[in-house]
Amino acid sequence: MLPSIDLRISNIIKALEQVVLPALTGRERLARDQVNLCIGHLRMIAQQWRWAAAFEAGSFQAMIALAEEMQPVVDPGYAEELAQAIASAKAVEGRDLAEVEHAIVALGGLIDRIILGEDGKVALAPAVWEAVLDYGEKQALRERTWFAATGLDPDRQELPSIAGMMAG
Amino acid sequence: MPMTLASREDVDVWDRSEMEPRIRHILERTVRLRDTGPYRPKSDAEVMAMLTGFFAAKGLEEIAISDVERMSGGASKEQFAFTLNHREDPQGERLVLRMDPLEAIAQTCRGREGEIQAIMGNHMPVAPVRWFDADGDLLGQPAVILGFVRGVTQPSEGGSGGVSGMGGRLGSLIDRLAPQYIDALATTHRFDWSRARLRFFDAPRGGGNQAAIWQVNWWSQVWWDCLVEPVPVVALAERWLRENAPVCDRPMLVHGDLRMGNFMFEEPSGKFTAVLDWELAHIGDFHEDIAWTMQKLFGAWGDDGVFLVSGLLPRDDFVTQYEAASGNRIDPVRLHYYEVLNAYKCAVMDLGQAMRASIASNNHQEVVLTWLGSAGAVFLSHIVQLIRKG
């Protein structure tokens with residue numbers, strides 16, 4: 001691929017830093033802030049893009065694993081619907097990012113319904129609480145790593161690199 | 001596991017209609033107007049036309065709007081500084097227009113902000129409220145117009161802060177800023193709202209769980225109205241918050257976004273010039289403010305490796321000094337509950353409202369919203385830790 005995605009991102013950052021920013025007057029503070037954030041986003045995208053499909057597929061697999069863990073302990077009223085949702089999710093072709101995102105919405109929607117238990121009318125088994133917390137802990141770590149470059153995470157020094165996480 | 005609370009003043013924790021009426025109005029308005037976007041940032045000329053029409057409707061004559069300057073900072077409102085001259089004030093006054101884009105990271109009410117900020121100006125330094133247009137009847141979009149206040153929210157030199165004033169370091173100013181910060185918190189919570197004849201606020205009943213459930217219903221409605229992608233931990237947090245809603249003995253004024261990023265001070269004196277951003281203010285449980293300001297995201301690590309609340313004080317010192325100044329006793333169980341609620345609120349704002357506003361292109365700075373949205377998992381991680389701590 002010529003020019004490569006990395007090269008084009010790098011060129012855009014250079015143009016923003018060396019041409020656009022110096023052209024903005026001191027009064028244009030919002031514009032300066034937004035250009036700086038655009039540069040930050042582009043630097044982050046440069047780290048992420050080659051892993052994006054694999055990252056989203058990993059999120060989807062984690063959600064399927066959560067659903068499978070919930071399956072034996074959910075209220076019987078949800079059991080069949082959850083089994084069907086898991087089967088549908090497993091049939092999704094993992095290389096298509098849009099299809100994966102759509103499947104996350106479908107499976108996640110059912111998981112949400114089970115967690116809320118028709119607004120508290122259906123009890124949530126302690127094992128499901130634990131399963132969701134375990135899943136949440138791992139998924140939050142992945143997402144914090146994915147977006148660590150924002151510098152907003154107060155504990156970002158504890159996080160692995162994106163490449164390290166994806167290799168792990 | 002769920003804690004059973006029983007009080008004559010308790011409400012049904014799953015009754016989603018239990019919400020402060022003005023908040024419900026704002027959330028319903030947001031959904032109603034969502035599809036009227038996208039929102040385009042206002043030009044200087046558009047702002048001048050809006051303001052001229054507004055001031056004419058307010059009865060001002062010989063109106064001249066000049067030196068319109070777009071302001072940066074904040075993640076929510078579109079802000080412009082400008083100078084207003086009119087027949088009664090030929091010298092002119094520097095003012096700030098703070099108005100709602102179609103959607104922002106938090107959907108709030110300019111009427112509430114203007115009303116409470118005007119009143120609190122009698123108790124602490126705030127930007128003076130000149131006018132507000134709660135529903136945008138005159139300006140075309142809701143807005144508040146404030147007197148311009150000089151100052152900074154982080155040191156010009158040596159401090160480092162991120163987007164929206166988070167995580168700055170305050171250096172040698174700490175000794176001067178900390179007592180004023182504590183005093184502002186205590187003054188807010190001591191304020192007798194019951195005598196204030198508030199038009200835009202309603203108060204939850206004391207002695208029951210209504211204060212907590214009003215907040216859970218506010219933010220859960222935002223989540224479900226904005227849902228882009230399901231996040232199981234957010235749904236779990238909602239269930240936990242409902243099943244563990246504590247009693248609020250005595251509802252107090254809650255600022256809702258108390259952190260150093262919303263305290264403006266002069267340099268080099270370190271004297272506060274304004275407590276900013278009252279948009280999330282409500283009557284509720286003071287633990288909500290304490291838990292908010294204690295969040296890691298708003299603090300900083302001291303040179304000795306000790307975490308400083310809002311970049312000012314170690315947690316124990318903060319608690320001791322706040323209790324002495326306010327007369328309130330911090331209950332660890334309720335503080336824990338509001339730590340979960342605040343982490344939930346932040347996750348809802350970052351992963352719900354900010355994402356929906358960005359997708360709909362209904363803001364003037366989506367690039368900020370997606371940047372802040374990237375921090376959503378920080379709050380999901382906090383929720384897991386806090387619920388496990390039980």
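The following exchange asks how certain labels in this predicted model are justified.

Me: What makes a feature of this model eligible for discussion, and how are residues and chains named?
Reply: This is a predicted model, in which local features need pLDDT of at least 70 and side-chain atom pairs count only at pLDDT 80 or more, while totals for chains, interfaces and linings use all residues. Residues are numbered from 1 along each chain as its sequence is written, chains are lettered from A and ligands numbered from 1 in the order in which they are written, and side-chain values use heavy atoms, with hydrogens and water left out.

Me: Why is the pair Phe55(A) and Trp146(A) called stacked?
Reply: Rings of Phe, Tyr and Trp (for Trp, its six-membered ring) pair if their centres lie within 6.5 Å, and planes under 30 degrees apart count as stacked, over 60 as edge-to-face and the rest as tilted. Phe55(A) and Trp146(A) are 4.2 Å apart centre to centre with 15° between the planes, so the pair meets both limits and is stacked.

Me: What makes this pair a tie between parts of chain A?
Reply: Phe55(A) belongs to helix α3 (residues 52–70) and Trp146(A) to helix α6 (residues 126–146), so the pair ties together parts that are 91 residues apart in sequence. Helices here are DSSP runs (H or I, at least four residues), and strands are runs of E of at least two, numbered from the N terminus.

Me: How do you know that domain 1 and domain 2 of chain A touch?
Reply: The domain assignment of chain A, whose bounds come from an automatic or database assignment, gives domain 1 (5–49) and domain 2 (52–149). Contact means heavy atoms within 4.5 Å, and four residues of domain 1 of chain A are in contact with four residues of domain 2 of chain A.

Me: What is found across the interface of these two domains under the salt-bridge rule?
Reply: A salt bridge requires a side-chain nitrogen of Lys or Arg within 4 Å of a carboxyl oxygen of Asp or Glu, and across the interface of domain 1 of chain A and domain 2 of chain A the rule finds zero.

Me: Where are the cis peptide bonds at Pro3(A) and Pro268(B) placed?
Reply: The cis bond joining Leu2(A) and Pro3(A) has omega of about -5°, and Pro3(A) sits in the segment before α1 (5–23) of chain A. The bond from Glu267(B) to Pro268(B) is cis with omega near 0°, and Pro268(B) is in the loop between β7 (263–265) and β8 (272–275) of chain B. Most peptide bonds are trans.
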